[in-house]
Amino acid sequence: MTLNMKHGERMKPNYKELLLANTKILILGSYYPPKAKRKLGYLKQYLISVGFTNTNLVEDFEFPAKNSRLGDDEKVVLNSYSKMESSDILIFLFVKEGNSPGPIMELQNCIDNNFYGKKKKTLILMEQSFRKKQGKSKIVQGTLKLMGDDKIIFLEFKDDEIPFDLVKTQIYAIIFNPP
């Protein structure tokens, strides 16, 4: 790579790239079965590829060993609570294959804690079949009712067709046009 710069000239930082790279995005969703977890990974990889290099799943963070008596699901949920607080943007991804109660518990915790001050910086993505399958349960109905206002970005989409570009557009709006 050749830089065409005069002697003593400084490179100007690309502030947009710096802002994207420094925005902490946390993706929450079911890890079980493996197909559900792969969809979380696809979203993470896409966001990283378009410049959001500080995008993580909860499992990307090490869980403190002092609570080693907890089961794997409990560890992930507990870890997610602390990571929600320190993230800039939260993305909940509910997919038809997901059969773990963790993501609903995480969303409920988020609501109970006023979204850690990130209500307008939270995206909820839901496959249509998830809503049909899980939407009848009391906890899902209650959670959807609690978040049913215009401050939350809620996107329902066709199964297996995560709207990557729309997610990117929504994140740009959060970062560059804050409420």
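This report walks through the fold, one cavity and three residues of a predicted model.

Let's start with the ground rules. Local features need pLDDT of at least 70 and side-chain atom pairs count only at pLDDT 80 or more, while totals for chains, interfaces and linings use all residues. Residues are numbered from 1 along each chain as its sequence is written, and side-chain values use heavy atoms, with hydrogens and water left out.

**The overall fold**

The protein chain has seven helices and five strands. Helices (H or I, at least four residues) and strands (E, at least two) are DSSP runs, numbered from the N terminus. Along the sequence they follow the pattern α-β-α-β-α-β-α-β-α-α-β-α. Of the 179 residues, 40% count as buried; buried means under 20% relative accessible area, exposed over 50%, and partly exposed in between (1.4 Å probe, protein chains only). Contact means heavy atoms within 4.5 Å. Of the contacts with a separation of 6 or more, 77% are between residues 24 or more positions apart.

**A cavity inside**

Picture a 1 Å grid over the protein atoms alone: a cavity is a set of points where a 1.4 Å probe fits but cannot get out, and lining residues have an atom within 4 Å of a point. Grid points are joined across faces, edges and corners, and a volume is the space filled by probe spheres set on the points. There are two cavities of 30 Å³ or more, and the second largest has a volume of about 50 Å³. Its lining includes Ser 30, Phe 94, Ile 104 and Phe 130. Both β3 (89-94) and α4 (102-112) supply at least two lining residues each.

**Two unusual backbone spots**

Most residues other than glycine have a negative phi, and most peptide bonds are trans. Here are two spots that go the other way:

| Spot | Value |
|---|---|
| Tyr 32 to Pro 33, cis peptide bond | omega near -10 degrees |
| Asp 160, positive phi | about 65 degrees |

Pro 33 sits in the loop between β1 (25-29) and α2 (34-49). Asp 160 is in the loop between β5 (153-157) and α7 (164-176), and is partly exposed, with a relative accessible area of 41%.

**A look at Asn 56**

Is Asn 56 buried or exposed? Asn 56 is buried, at 17% relative accessible area. Asn 56 lies in strand β2 (residues 55-57). Leaving aside neighbours within four places in sequence, Asn 56 is in contact with Ile 25, Leu 26, Ile 27 and Phe 61.

Terms used: 1 Å grid on protein atoms, 1.4 Å probe; cavity = no way out; pocket = protein on both sides within 12 Å on 5 of 7 lines; lining within 4 Å.
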